[in-house]
Amino acid sequence: MRLKLLFFFIILSITAHGQIQLNPNPADINSGTITITYGAQGDYSLFDPMGDPNLLLYTGLETDGVPSTWDYHDDFSDASTFVVFNYDATAGAYVAQIDIANRIYQEEPNLNLTTIPTGTQVNDWYFLIITTDLSRQSPDLKGSDYGWQPSTLSEQSPNMAQFDVRVVEDTFYFSRPDTYRLSTYDLTGKLIADEKVLVGTTYELKIDLVSGIYVTRIEDSNGFIRTLKHVR
């Protein structure tokens, strides 16, 4: 009986781990942009999307050796800080790309906004799968169950400097020229526009947006990502 139970839990663990995949794998805080997929094998027992093609990821990092606390995390009161996690028909799974080291987080205990300081020991990465209306969510999911490894955030090379950007209605103002990918979503998570353009310092979206609130994910040629909420 003991051997049968052990075999059952091994199979259960393998099945759960197969539902979520990280690439690269193993991954850590210095891996750059990470791709996370969910449900490629048609198994959604960790969290049932109920056919909804638009989901979100709420993410956090544990850096103090206490697994029960997330020392850096997204702002749970502001869904625009979450990671867009939409169904990709080509991949046959929910897919998101995340530059974990360069996201802007709330830092405990004061909830100030910051990026992760160089030299920070990041022990684990945590995430939740959430519906866009925030009505349902998965249990806490731990990156180390899927290939995440502890590591210290190393110093970035000078040619990999992050960029700054601000937006006024449909116009984006960048701190430096580069090739940027701009993916614009409405608050339901629907992709409205996806453009890859060479930008000087100013760029105006080439689509007509109706009045409302939008979220644009911006990725530069080095893989650094910014996510902005803007009102049309």
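The protein chain holds 1 helix and 19 strands. Helices (H or I, at least four residues) and strands (E, at least two) are DSSP runs, numbered from the N terminus. This is a predicted model: local features need pLDDT of at least 70, side-chain atom pairs count only at pLDDT 80 or more, and totals for chains, interfaces and linings use all residues. Residues are numbered from 1 along each chain as its sequence is written, and side-chain values use heavy atoms, with hydrogens and water left out.

**Chain totals**

| Property | Value |
|---|---|
| Buried residues | 45% of the 232 residues |
| Contacts 24 or more positions apart | 61% of those with a separation of 6 or more |
| Exposed area | about 12,000 Å² |
| Carbon and sulfur supply | 54% of the exposed area |

Buried means under 20% relative accessible area, exposed over 50%, partly exposed in between (1.4 Å probe, protein chains only). Contact means heavy atoms within 4.5 Å. Areas come from the Shrake-Rupley method with a 1.4 Å probe; for residues, only the protein chains shown count as cover.

**Cores**

A nonpolar core is a set of buried Ala, Val, Leu, Ile, Met, Phe, Trp, Tyr and Cys residues joined through side-chain atoms within 4.5 Å. The largest has 29 residues; Ile-36, Leu-57, Leu-61, Phe-85, Ile-100 and Trp-125 touch the most other members. Elements giving two or more residues to this core include strands E2 (33-38), E3 (54-62) and E5 (83-88). Beyond four places in sequence, the contacts of Phe-85 include Ile-36, Leu-57, Tyr-94 and Ile-129. Another core lies apart from the largest one; its 16 residues include Phe-163, Val-199, Ile-218 and Leu-228. In soluble globular proteins, nonpolar side chains tend to be buried together.

**Hairpin E13-E14**

Strand E13 (residues 165-168) has two faces: Val-165 and Val-167 are covered, Arg-166 and Val-168 uncovered. In a regular strand the side chains alternate between the two faces of the sheet. E13 runs antiparallel to strand E14 (residues 171-174), joined by 4 bridges. Strands pair if DSSP finds at least two bridges between them. Arg-166 has Tyr-173 as its bridge partner in E14. The hairpin leaves 2 residues between the strands, and Glu-169 in the turn has a positive phi of about 55°.

**Around E15**

Ser-183 sits in strand E15. Ser-183 is buried, because its relative accessible area is 3%. Its C-alpha atom is 5.7 Å from that of Ala-193, 10 residues apart along the chain. Not counting residues up to four places away in sequence, Ser-183 touches Leu-191, Ala-193, Asp-194, Val-215, Thr-216 and Arg-217. Leu-187 is in the loop between E15 (178-186) and E16 (191-199).
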